[in-house]
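Hello,

I am passing a structure on to you, and I hope you enjoy looking through it. Please open it first and keep it beside you while you read the rest of this email.

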Amino acid sequence: MQEKNVIEQIAKKSGKTGDEIKALVENKKKKFSGLLTDSGASFMVAKDLGIEVGMDSVKRINIAALKNGMQNVDLLVRVMQIFSPKEFEKNGKRGMLCNLIVADSTGETRLTVWNDDVEKIAKQEVKRGSVILAHNCYAKEFNGRVQTSIAYKGSFEVEPDTMFTDLPEAKSKNVKAGELKKGMNDVNIEARVIRIFKVTEFDKNGKKGKVMNFLIGDKTGTAKATAWNDLVEEAQKLVEGEAVSIEGAYTKQGLKDVELHLGWQARIEKIEGKELPTAKEMRKKTALVKKIIDLKQGDSDVLLEGKIVAVNRGALFYNVCPKCGGKVQKLDEGIVCDKCGEVKEPDIRPVISVRVDDDSAQIDVVAYGKEAEKIIGLGNEELKKQRSERGSESMIEELQELGGTKITVIGRVKHNNYSEQTEFVAGVVELE
Ligand SMILES: [Zn+2]
């Protein structure tokens, strides 16, 4: 925007066209072997022509020229990488910050942006590859490298209307799940979340850490992803079945396959991902097909196919925490959620147990929540209504008509300590 002003000013005052001035500026830059910024070159051209122009643009400098202690400078840069935004507290005030790696033709630097500018990133107005014009930055040396921050009153413009595009391209490309190899850095991938596993805490050299695994996939395959520490918070927001873009990850050889790791440089963003296969399609491909008779304790991600022979009598509903949706326990003192503490009024979700036969043997398949709704054929609200109108028993009676229905289930084998029976917990259910 600023060069345009400068060029317009020079053109107006010299009587030449904008293109002519642009050519002169480019020549000037060539002459100085790329050491001049666009605005610097414009000013030299103006000087050559004996024209005076506004001094706004002199604030802009190239990354290579940044020095410790510089203030109030502007940077016209391309966003090469975006890290996960972080919350911070300073003098009792809460705020957000986000670190970017930005580049121009002379080099690369870390740029920290704050609050409203972080919002622009969250809204995806700024992405990897965006050009930004950061106003009012300051430079500080940290570990021997100059890093930049936008000052309190500064801000950045996205895709400013500049006439010069000698900025480097954002270098990393998206890879597919099937293309992951060990030892890759700065990996970007668009994939669907197929499964989510529990967070584990660990202790390493006296420091506490967190780790969480999840399974992702696209048309070309699936991969185990591991989020570490800060990124676990982001990963915990994931929902099975949704599409995400993961940036800045790295790969490592796992026990079986190459795994994707999300360290502090990584970022997770939700995307639409229409072209990605559904989680169910991918789970069907990766699951191990087994006969009931061959099931073993500890089997997971197994696919069974059979017929429903009966709907088992039981509660049809279970209590969950209204805050986190997790299971609650009934103790003498009241109802308690492991995560949230005391629960005044629990919410309910459906659960159903059906006897399935696949000609080799029979097993009880237990489905919860959405998967239970699929078997029952009603949504949660309608289920709650019917439950209060006529009770679970009458509902189960009616559900016996499911006998003979073909069912495909992906899930895991579990020993039910209560009934002392082996059962199959459904992750995905499909009825025919
Ligand atoms: Zn809870």
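Below is what was found, place by place.

One thing to keep in mind from the start is that this is a predicted model.

**The zinc site**

A good place to begin is the zinc ion. Its protein donors are the SG atoms of C321, C324, C337 and C340, which lie 2.3 to 2.4 Å from the metal. Along the chain, these donors follow the spacing C-x2-C-x12-C-x2-C. The site also links distant parts of the chain: C321 belongs to the loop between β16 (317–320) and β17 (328–331), while C337 is in strand β18 (residues 334–337), and the two are 16 residues apart. Are C321 and C337 buried or exposed? Both are buried.

What is the arrangement of the donors around the zinc ion? It is tetrahedral, because the four donor atoms subtend angles of 102 to 112 degrees. For comparison, the ideal angle for four tetrahedral donors is 109.5 degrees.

**The nonpolar cores**

Next, have a look at the largest nonpolar core, which has 29 residues. Within this core, I352, V354 and F424 have the most contacts. Several elements each supply at least two of its residues: the strands β15 (302–311), β20 (347–357), β21 (362–368), β22 (406–416) and β23 (421–431), together with the helices α7 (369–376) and α8 (380–399).

If you would like to pick one residue to explore there, try V354. Leaving aside residues up to four places away in sequence, V354 touches I308, A310, V311, N312, I363, D364, V365, I375 and I407. Apart from the largest core lies another one, of 25 residues, and A191, V193, A235 and A249 are among them.

**Aromatic rings**

The count of aromatic pairs comes to four. One of these is formed by F83 and W264, which meet edge-to-face, with 5.4 Å from centre to centre and 65 degrees between the planes. F83 lies in the loop between β1 (73–82) and β2 (86–90), and W264 in the loop between β12 (258–262) and β13 (267–271), so this pair ties together parts that are 181 residues apart in sequence. F83 counts as buried because its relative accessibility is 4%, whereas W264, at 59%, counts as exposed.

Y318 and Y368 form another edge-to-face pair, with 5.3 Å between the centres and 85 degrees between the planes. Y318 is in strand β16 and Y368 in strand β21, so here the parts tied together are 50 residues apart in sequence. Y318 counts as buried at 19% relative accessibility, and Y368 is partly exposed with a relative accessible area of 25%.

Some rings also have a charged residue over them. K327 lies over the face of Y318, at 5.9 Å from the ring centre. Likewise, the charged end of R387 sits over the ring of F317, 5.0 Å from its centre.

**Two backbone details**

Finally, here are two residues to check in the backbone. N136 has a positive phi of about 60 degrees although it is not a glycine. N136 is found in strand β5 (residues 131–142), and it is partly exposed, with a relative accessible area of 21%. E420, which is not a glycine either, also has a positive phi of about 60 degrees. Where does E420 lie? Its place is in the loop between β22 and β23, and at 56% relative accessibility E420 counts as exposed.

Happy exploring, and best wishes

Notes:
Residues numbered from 1 in each chain as written. Predicted model: local features only at pLDDT ≥ 70, side-chain atom pairs only at ≥ 80, totals over all residues. Heavy atoms only, no water. Core = buried A, V, L, I, M, F, W, Y, C linked by side-chain atoms within 4.5 Å. Buried < 20%, exposed > 50% of the residue type's maximum accessible area, 1.4 Å probe, protein only. Helix = DSSP H or I, 4+ residues; strand = E, 2+ residues; numbered from the N terminus. Contact = heavy atoms within 4.5 Å. Donors = N, O, S within 2.8 Å, 3.2 Å for Na, K, Ca; no water. Tetrahedral: all angles 85-135°; square planar, octahedral: opposite > 155°, others 65-115°. Phe/Tyr/Trp six-rings, centres within 6.5 Å; stacked < 30°, edge-to-face > 60°. Lys NZ or Arg CZ within 6 Å of the ring centre and 35° of its normal.
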